[in-house]
Amino acid sequence: MERDVMEYDVVIVGAGPAGLACAMKLKQANADLAVCVLEKGSFVGAHALAGAVIEPEPLDELVPGWRDDPPEICVPATKDEFLKLSESGGMKLPTPPQMNNHGHYIVSLMNMMGWLGEKAEALGVEIYPGFPAAEALIENDVVVGVRTGDMGLAKDGSHKDGYTPGMDLRAKVTVLAEGARGSVSKQLIKRYKLADGHDPQNYSIGLKELWEVPEGRVEPGKIVHTVGWPLPNDVYGGSFLYHLTDNRVALGYVVGLGYDDPRLRPFEMFQQWKHHPSVKPLLEGGKILSAGARAIVTGGWQSLPTTEMPGAILIGCAAGTLNVPKIKGVHTAMRSGMLAADHLAAKLESTGFDAKLRDSVVGKELKKVRNIKPGFKKGLWFGMFNAAWETATVGLSPWTLKSKADWSQTKKLAELPAEPSFVEAPRDLAPKDRLASVYFAATEHDEDQPIHLKVIEPDVCFTKCEQEYGNPCTRFCPAGVYEVVEEAGDKRLQINSANCVHCKTCDIKDPYQVINWVTPEGGSGPNYQNL
């Protein structure tokens, strides 16, 4: 099959904070470099989802004077609150030092990426939205670029009218900035054994909504984080609530995917939290504007894979640079991208980048907090005590706590109490269910395209998985993609792939690791607005 071929000095996969920062820094260092950025979303920012509170220093370096022309939704932080919730109340606790947001900004990551994308293009960066990297091009065991996905395939794999084969984009160095659990990154981490010698990567699922509430309830710049109810004591996670302008609030919930009970439902837990006495009065009478979900990489220092391979490097959340105790990853992603640009501008090769990243401010920041998140596996109060200790000692403990793969920590039903630790209660705030939430994500997929959620061993679903775990894919997916359908006494797994919001949770948490998330047709997926 004949494919179009394009040649570049650097091809970057992913137009997120890391990828765009890398591209801009490369062009600032050497305007003659040919730099291309691929983005699987329909527009730059379409799949960008985060809280997000950012530390501005990387932006100060990359875009001097940016405060005179900020992205839409950019609110200076004014006040921090940290609460420990019970079902009917809560108590205010001292804000952990890592969560002190003085000098930081609440932003919409979706808007910020569109804003950065325009600045990157002004520097001469070529950006192609709607073109997902489907696989790496490898010659003589060296990554020489990527191939984009074919367009116009029918569900059965046949060619529809207008079928177009994917392009080959060749590069001297390929930069993977796909975000958490990127599909090409996953392929290459396995091929080049980049995770060997490191702990397995850990993830959380982050769920977010944007609301408009009645006049007089919003305090622009106020930031509230909570721990406790409705999370079980041994599950890592908590909530965020950010006050914006124009009577809007951004709110969300994070659940660590290392939880052991396969009956846990992160989406329903988020909705339950919205009905807490400290939250519901803020939202009542308001309306939801948009919603989304995304896996968050939370393994930290000990799970950081080797970030270089022949012909390619990993940056940002594709590598795992998020600072979990800060609940921030934009600044570290951008810094890793800028560091990669400095490295590549000096010499277009991947060798030596891993050592530079680990010895950089990003590596040092991650190393200092390496033991905080793993400590919460022993319970909330132990985790908070351990976090205080690690903060006081600036991470100088002579030990490093270990991490296990999230899927491996799921217990079988026979090992658990008969009743789950989280029990749903009646709810009246929108959205009423997962499908309604999908509507607010504005997700779109052509129904007549190959299913991008590949169940490698479907027989497992209604033998071992049903018997041992109760089909947890029907619970951990926030978009109702996985559905058990009974017909004439038989059961089958129905995959509603058109609902998918590309969170990647199924690829991560499936206890048998038989679900493989691959890129759908270009431009598919959510189209986030102001998230």
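This passage walks through two helices, a strand residue, the nonpolar cores and a pocket. The structure is a predicted model, and residues go by their place in the chain sequence.

Helix α1 is a handy place to start. It runs over residues 17-29, which makes 13 residues. From the first C-alpha to the last it reaches 18 Å, close to the 18 Å expected at 1.5 Å a residue. Because 11 of those 13 residues are buried, α1 is largely enclosed by the rest of the structure. Among the buried ones are Leu-20, Cys-22, Met-24 and Lys-25.

Helix α7, covering residues 330-346, tells a similar kind of story. Its 17 residues reach 25 Å from end C-alpha to end C-alpha, close to the 24 Å expected. This helix is mostly covered, with 12 of its 17 residues buried. That buried set includes Val-330, His-331, Met-338, His-343 and Leu-344.

Both helices turn up again around Val-175, a residue of strand β13 (residues 168-176). Val-175 has 0% relative accessibility, so it counts as buried. Leaving out residues up to four places away in sequence, Val-175 touches Val-10, Val-11, Ile-12, Val-13, Cys-22, Ile-313, Ile-315 and Leu-344. Of these partners, Cys-22 is one of the buried residues of α1, while Leu-344 is one of the buried residues of α7. Val-460 is another matter: it sits 285 residues from Val-175 along the chain, and their C-alpha atoms are separated by 36 Å.

Next come the nonpolar cores. The largest nonpolar core holds 71 residues, and Val-249, Val-255, Leu-283 and Tyr-482 touch the most other members. Tyr-482 has its own list of contacts, again without residues up to four places away in sequence: Leu-453, Cys-473, Thr-474, Cys-477, Leu-493, Gln-494, Ile-495, Cys-506 and Ile-515. Apart from this core lies another, made of 49 residues. Leu-20, Trp-115, Val-330 and Leu-357 are among its members; Leu-20 comes from α1 and Val-330 from α7.

Last up is the second largest pocket, with a volume of about 840 Å³. It is lined by 34 residues, and the closest to its centre are Arg-181, Lys-186, Ile-189, Lys-190 and Gln-513. Elements giving two or more residues to this lining are α4 (183-191), α15 (505-509) and β24 (515-517). Helix α4 gives the most, with 6 residues. Sorted by class, the lining has 18 nonpolar, 8 polar and 8 charged residues.

Note on methods. Residues numbered from 1 in each chain as written. Predicted model: local features only at pLDDT ≥ 70, side-chain atom pairs only at ≥ 80, totals over all residues. Heavy atoms only, no water. 1 Å grid on protein atoms, 1.4 Å probe; cavity = no way out; pocket = protein on both sides within 12 Å on 5 of 7 lines; lining within 4 Å. Points joined across faces, edges and corners; volume = space filled by probe spheres on them. Helix = DSSP H or I, 4+ residues; strand = E, 2+ residues; numbered from the N terminus. Nonpolar A, V, L, I, M, F, W, Y, C, P; charged D, E, K, R; others polar. Expected span 1.5 Å × (residues − 1). Buried < 20%, exposed > 50% of the residue type's maximum accessible area, 1.4 Å probe, protein only. Core = buried A, V, L, I, M, F, W, Y, C linked by side-chain atoms within 4.5 Å. Contact = heavy atoms within 4.5 Å.
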